[in-house]
Number of protein chains: 2
Amino acid sequence: MLKCAVQSYWEHKLGELLEEKEGEGLLSASNAAGAAPVFLSDFIAAVEQDDIETIRKIVATLHPADAADFLRELPVQQRGTLLRALHAEMLSAVLSYCDEMLREEALHELGVEKLASAVAELDTDDAVEFIDELDEEDQQTLLAAIPTEERIILQQTLNYPESSAGRLMQRELVAVPSHWNVGQTIDFLRGTTDLPDDFYEIFVLDAKHKPIGTIPLSRLLRTRRPAELKAVMLTDFRKIPLQMDQEEVAFLFRKYSLVSAAVVSENGDLVGVITVDDVVQVIQEEAGEDILKLAGVSGQEDFYRATFAEIKARFWWLFVNLFTAVLASWVISLFDESIEKIVVLAVLMPIVASMGGNAGTQTVTVVVRALAMRQISKGMAKKVLFKEGVIGLLNGLMFAAVAGIVSWFWYHDAWISFVLAVAMIVNLLAASLAGTIIPLALRRMGADPAIASVIFLTTVTDVVGFLAFLGMATAFLL
Amino acid sequence: MLKCAVQSYWEHKLGELLEEKEGEGLLSASNAAGAAPVFLSDFIAAVEQDDIETIRKIVATLHPADAADFLRELPVQQRGTLLRALHAEMLSAVLSYCDEMLREEALHELGVEKLASAVAELDTDDAVEFIDELDEEDQQTLLAAIPTEERIILQQTLNYPESSAGRLMQRELVAVPSHWNVGQTIDFLRGTTDLPDDFYEIFVLDAKHKPIGTIPLSRLLRTRRPAELKAVMLTDFRKIPLQMDQEEVAFLFRKYSLVSAAVVSENGDLVGVITVDDVVQVIQEEAGEDILKLAGVSGQEDFYRATFAEIKARFWWLFVNLFTAVLASWVISLFDESIEKIVVLAVLMPIVASMGGNAGTQTVTVVVRALAMRQISKGMAKKVLFKEGVIGLLNGLMFAAVAGIVSWFWYHDAWISFVLAVAMIVNLLAASLAGTIIPLALRRMGADPAIASVIFLTTVTDVVGFLAFLGMATAFLL
């Protein structure tokens with residue numbers, strides 16, 4: 001009965017997975033609709049019977065990214081069976097597509113020894129990412145179990161600052177001396193076994209082992225054997241310093257449409273290569289982090305983070321917000337006598353503050369995004385401020401009219417509608433100006449404009465909103 | 001005097017540009033710090049003297065992306081000089097790195113005839129992007145000036161739905177028959193002149209011209225000439241249907257770490273190839289659009305959009321927000337008698353609503369981001385809701401305590417602090433639950449969760465916040 005239930009859960013989950021895949025339009029042989037059901041039950045049976053041979057055979061037909069998906073969908077107890085069935089090479093391919101949670105599970109399921117041999121098979125960038133996620137103790141144990149040569153390279157790479165090009169690069173690359181010709185290069189590629197799995201260009205080194213040119217593979221393939229590399233290579237190519245921040249690296253890849261790029265040390269030696277797949281991850285992460293930072297969720301993006309860690313990531317924003325809210329309340333308390341006399345003020349005042357907060361958030365977001373995309377150069381600040389000022393003023397006039405009319409139909413008091421309308425203009429203008437100045441100022445001070453901008457902005461719009469509305473009401477209506 | 005002023009403006013702008021480049025750590029020959037000043041003044045002189053030969057010579061040493069940067073930094077009058085100096089091939093390379101504004105300027109500066117020959121040189125994906133941005137009339141004139149063969153392909157591509165794989169792909173690709181061997185393939189590549197500039201894999205076709213395999217160039221280069229393609233090719237590769245949405249395409253590239261992928265028609269014919277540089281743009285755009293949508297700025301991301309278009313893009317969000325704010329005001333008006341008696345209520349009530357709005361926005365953002373990254377599968381909704389519920393409750397308890405204490409020190413009224421604390425718990429719990437349910441429900445209904453979630457959410461947190469606080473105050477304090 002229990003087995004049956006487990007199986008039906010599986011069928012359900014895996015069926016869902018498969019269905020999603022079909023939805024994605026994947027047509028590859030192993031995922032074709034016709035073949036899938038047979039394969040699915042074979043696979044389930046193999047894992048349940050701990051049939052290592054069959055599991056290996058099936059996983060061999062899968063893309064490692066799909067194997068990682070299946071692993072994630074398995075019930076925890078059976079993940080171990082699947083992991084143990086894979087030999088080191090397969091395991092390392094699958095692990096490179098797993099998330100942090102699955103990797104930790106693999107460590108505890110397989111033990112350090114077996115995992116070390118799989119990690120040693122990974123490209124340096126994947127291996128370093130893997131090790132970096134472990135806690136200190138596991139890191140040391142794992143490193144100790146890796147062959148010396150690989151270990152030294154990994155330890156070196158772990159010493160580069162986080163989010164630097166040094167961390168992003170892999171050591172595996174193809175470089176040849178500049179006195180070779182195309183034929184010699186092709187013969188070298190055919191005769192060498194420990195080349196990287198995938199590479200897109202070949203670097204050309206001078207006698208001092210400095211890179212002086214690069215040859216995209218499509219160029220190499222189009223050139224006849226006797227041609228000298230020196231004549232074929234491109235000399236205008238990007239050399240990325242080891243220390244460059246990954247955001248900067250992503251910008252260069254995007255700007256120059258790069259697929260791979262050389263990483264050089266301070267004295268110009270070629271030390272590694274960054275490939276576009278790693279950069280795609282960086283772009284995805286950075287964009288995600290900006291979204292979360294704007295909403296006040298700090299730290300690295302991680303949807304699977306534990307509840308407590310998640311509370312911590314959101315705490316400070318809410319804490320600071322409580323104090324800005326208290327500040328706004330204090331502003332209101334200055335006018336408590338006016339409110340006591342005209343209670344309508346209490347009813348209408350949140351409208352002004354809310355509109356200011358929303359309009360200002362729009363401005364902050366547009367400016368933060370433009371800064372991230374490098375669309376605002378130093379000289380442009382005034383132009384942006386002017387444009388946003390005009391938008392704020394026009395929005396203010398429009399919504400002053402709408403709010404004035406709505407409130408007039410509600411309370412039939414022309415003075416109240418007038419005060420509401422003027423306060424709206426004042427606050428929407430303040431929102432636009434503050435929404436532009438705050439992120440630009442934070443950036444100039446070297447702070448991250450995505451993190452704190454909205455907090456400062458809502459403080460401004462709350463205070464100005466309540467002050468303008470209640471202040472003018474006190475002046476004109478009492 | 002005027003010329004001098006223009007020149008010093010130039011020196012300033014270009015100097016700034018160069019400085020930025022050095023900051024980026026670009027070390028390529030043409031950008032090396034030592035060479036730059038000489039080059040800069042040469043370049044300025046050449047453009048001012050309309051010295052076509054020198055301009056061409058200098059641009060030839062630049063990466064087209066850098067040439068596009070220089071073009072953008074030039075005063076408008078001189079952009080024409082630079083554009084006119086370039087021959088079709090150079091022009092097409094530079095144009096593929098220009099933004100919409102510069103492209104339109106180029107059209108009006110150079111005229112349709114000259115531009116058509118440059119556009120015909122572009123890869124189909126770039127050409128289609130270029131044409132798509134023009135208005136209807138310019139489109140027709142430009143298309144008419146393009147040679148028939150290219151025109152038919154471009155018109156076909158323009159008929160694919162926007163944001164589909166068909167629009168993203170280029171027609172230029174390398175495909176060979178499956179009965180060839182490695183040597184024949186290399187000879188073909190060496191002997192053919194109209195190959196794409198860059199390609200990363202070669203597709204293998206069967207007798208019916210259907211793709212049956214792919215060979216990454218690094219694999220081709222490592223294999224000896226007599227090897228049969230059938231034995232070397234990879235048969236498990238992604239085939240992207242023409243109709244697939246670009247977001248879906250980006251997901252596949254990310255998941256499988258692809259550099260290029262085949263695009264197939266409904267009957268399985270190979271029609272084009274998508275390369276990773278186009279996908280990088282898509283990822284960047286989609287992430288940017290989510291940020292802006294969450295803040296209520298609609299439409300495509302475009303920092304340089306005109307002020308009026310920008311107001312339009314932000315109008316509806318603010319308009320809807322005005323009505324949710326009025327709804328919240330109406331809730332407050334239900335309790336105007338209570339407020340008249342205890343004016344402190346008006347002072348403290350925004351705190352509850354503000355904390356709810358902020359905590360809920362955090363939840364919405366985390367959920368929207370997780371949906372975009374496909375981290376929430378169908379079965380997980382309940383788990384996510386439970387986790388967010390726990391976070392909401394714990395946040396509620398924490399901030400109830402803080403708000404209770406702060407308000408006690410302010411008003412020394414235990415009942416008011418008690419009501420404030422309980423209302424905080426209720427609203428933060430409501431914020432978490434609504435912040436989870438709203439985006440998930442929108443997604444299930446086929447709507448975009450990034451667009452409307454925050455509006456619905458703040459409506460909930462305003463209404464629940466004011467209702468809980470003022471309702472309990474009326475019940476307990478009067």
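Two strands count as paired where DSSP finds at least two bridges between them. I adopted that criterion before looking up any sheet, and I note at the outset that the model is predicted.

**Entry 1. The sheet of chain A**

I first looked up the residue opposite A:P241 and found A:V264, which lies in β5(A). The strands concerned, β4(A) and β5(A), the latter covering residues 260-264, run parallel and are joined by 3 bridges. I then traced the whole sheet: it is open, has 3 strands in the order β4-β5-β6 of chain A, and its pairing is mixed. At its edges I recorded β4 (239-241) and β6 (270-275) of chain A, each of which pairs on one side only. From one strand to the next I obtained an average twist of 40°.

I next asked which helix packs on this sheet. I found helix α17 of chain A, residues 276-294, in contact with β5 and β6 of chain A. The direction of α17 makes about 60° with that of β6(A).

**Entry 2. The sheet of chain B**

In chain B I looked up an open sheet of 3 strands, ordered β1-β2-β3, and again noted mixed pairing. Its edge strands are β1 (175-177) and β3 of chain B, and each of these pairs on one side only. Ignoring direction, I found neighbouring strands turned by 30° against each other on average.

I then examined β2(B), residues 201-205, and β3(B), residues 211-216, which pair in the antiparallel sense over 5 bridges. I registered two facing positions: B:E201 stands opposite B:P216 in β3(B), and B:V204 stands opposite B:G213 in that strand. What do β2(B) and β3(B) form together? They form a hairpin, with 5 residues between the two strands. Within the turn I marked B:H209, whose phi is positive at about 65°.

**Entry 3. A helix pair in chain A**

Two packed helices are described by the angle between their axes and by the distance between the axes. I looked up both for helix α9 (residues 124-133) and helix α11 (residues 148-158) of chain A: the axes come within 10 Å and cross at roughly 70°. Angles of 65 to 115 degrees count as roughly perpendicular, and α9(A) and α11(A) are therefore roughly perpendicular to each other. I entered the crossing of α9(A) and α11(A) as right-handed.

For the contact itself I listed A:T124, A:A127, A:V128, A:I131 and A:D132 on the side of α9(A). These meet A:I153, A:L154, A:T157 and A:L158 in α11(A). By class, the residues of this contact divide into 6 nonpolar, 2 polar and 1 charged.

**Entry 4. Chain A as a whole**

I counted 23 helices and 6 strands in the secondary structure of chain A. For the 478 residues of chain A, the globule rule gives 23 Å, whereas the radius of gyration is 30 Å, well over that value, so the chain is more spread out than a compact globule. Taken along the principal axes, the C-alpha atoms of chain A fill a box of roughly 90 × 70 × 45 Å.

**Entry 5. The contact between chains A and B**

I finally asked how many residues each chain gives to the contact. Chain A contributes 99 residues and chain B contributes 99 residues. On the side of chain A that touches chain B, I found the largest share in helix α20 (residues 344-372) of chain A, which supplies 15 residues. I sorted that side of chain A by class and obtained 56 nonpolar, 22 polar and 21 charged residues.

Conventions:
Residues numbered from 1 in each chain as written. Chains lettered and ligands numbered in written order. Predicted model: local features only at pLDDT ≥ 70, side-chain atom pairs only at ≥ 80, totals over all residues. Contact = placed C-beta atoms within 7 Å. Helix = DSSP H or I, 4+ residues; strand = E, 2+ residues; numbered from the N terminus. Nonpolar A, V, L, I, M, F, W, Y, C, P; charged D, E, K, R; others polar. Axes fitted to C-alpha atoms, helices over the stretch in contact; angles between N-to-C directions. Parallel < 35°, antiparallel > 145°, perpendicular 65-115°, else oblique. Left-handed = near helix turned anticlockwise from the far one by under 90°. Rg over C-alpha atoms; globule rule 2.2 N^0.38 Å.
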